[in-house]
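Me: Please go through this chain with me, residue by residue where that helps. I will ask short questions and would like each reply to end on the item asked for.

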Amino acid sequence: MAMEMTMERLYQLEFNIVSAYVKPNNVGSERVLEKCGFDLVRDDIFGKTYVKALKIDLHDYRDAFGL
């Protein structure tokens, strides 16, 4: 619920892309982001970076992140 409200507000504020960073071994946060449609774009020893398209052409979004 809180994630949905946050995404709606960011959409209203006309964000194109939302990113989120998860520290290593935070499996719960990873699952929440994945269930909310975020894409994993980086995974290293420092953590994982996820992104989600809001108001951007999906072709441009996929090209930018190699998805």
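**Loops, strands and core**

Me: Is Asn-25 buried or exposed?
Reply: The model is predicted, so local features need pLDDT of at least 70 and side-chain atom pairs pLDDT 80 or more, while totals for chains, interfaces and linings use all residues. Residues are numbered from 1 along each chain as its sequence is written, and side-chain values use heavy atoms, with hydrogens and water left out. Buried means under 20% relative accessible area, exposed over 50%, and partly exposed in between (1.4 Å probe, protein chains only). Asn-25 has 72% relative accessibility, so this residue counts as exposed.

Me: Where is Asn-25 placed, and what is its phi?
Reply: Asn-25 sits in the loop between β1 and α2 (27-35); helices (H or I, at least four residues) and strands (E, at least two) are DSSP runs, numbered from the N terminus. Most residues other than glycine have a negative phi. Asn-25 is not a glycine, yet its phi is positive, near 65 degrees.

Me: Which residue in the loop between α1 and β1 has a positive phi although it is not a glycine?
Reply: The phi of this residue is about 65 degrees. At 57% relative accessibility, the residue counts as exposed. The residue in the loop between α1 and β1 is Glu-14.

Me: What is the order of helices and strands along the sequence?
Reply: The chain has 3 helices and 3 strands. Read along the sequence, they follow the pattern α-β-α-β-β-α.

Me: What is the radius of gyration of the chain?
Reply: This radius is taken over C-alpha atoms, and the globule rule is 2.2 Å times the number of residues to the power 0.38. For 67 residues the rule gives 11 Å; the chain is close to that, so it is as compact as a globular protein of that length, with a radius of gyration of 12 Å.

Me: Which face of β1 is covered?
Reply: In a regular strand the side chains alternate between the two faces of the sheet. Strand β1 (residues 17-22) has Ile-17, Ser-19 and Tyr-21 on its uncovered face. The covered face holds Val-18, Ala-20 and Val-22.

Me: How many residues of the largest nonpolar core come from β1?
Reply: A nonpolar core is a set of buried Ala, Val, Leu, Ile, Met, Phe, Trp, Tyr and Cys residues joined through side-chain atoms within 4.5 Å. The largest one has 9 residues: Met-7, Leu-10, Val-18, Ala-20, Val-22, Leu-33, Phe-38, Tyr-50 and Leu-54. α1 (2-12) and β1 each supply at least two of them. The largest share is that of β1, with 3 residues.

Me: Which residue in β3 is the bridge partner of Ile-17?
Reply: Two strands pair if DSSP finds at least two bridges between them. β1 and strand β3 (residues 47-53) pair in the antiparallel sense over 6 bridges. The partner of Ile-17 in β3 is Ala-53.

Me: Which residue in β3 stands opposite Arg-42?
Reply: Strand β2 (residues 39-44) pairs with β3 in the antiparallel sense over 5 bridges. The two strands form a hairpin with 2 residues between them. Opposite Arg-42 in β3 stands Thr-49.

Me: With which side chain does the side chain of Lys-48 make a polar contact?
Reply: Lys-48 is in strand β3. Contact means heavy atoms within 4.5 Å, and beyond four places in sequence Lys-48 has contacts that include Ala-20, Val-22, Leu-40 and Asp-43. A polar contact is a pair of N or O atoms within 3.5 Å; within protein, one must be able to donate a hydrogen and the other to accept it, and residues adjacent in sequence count only if both atoms are side-chain atoms. At 3.1 Å, the side chain of Lys-48 makes such a contact with that of Glu-30.

Me: Is Gly-47 buried or exposed?
Reply: Gly-47 lies in strand β3. Leaving aside neighbours within four places in sequence, Gly-47 is in contact with Tyr-21, Val-22, Lys-23, Pro-24 and Arg-42. Its relative accessibility is 3%, so Gly-47 counts as buried.

Me: Which residue just after α3 takes a positive phi?
Reply: At the start of helix α3 (residues 58-65), a side-chain oxygen of Asp-57 reaches to within 3.1 Å of the backbone nitrogen of His-59. Just after α3, the residue with a positive phi of about 65 degrees is Gly-66.
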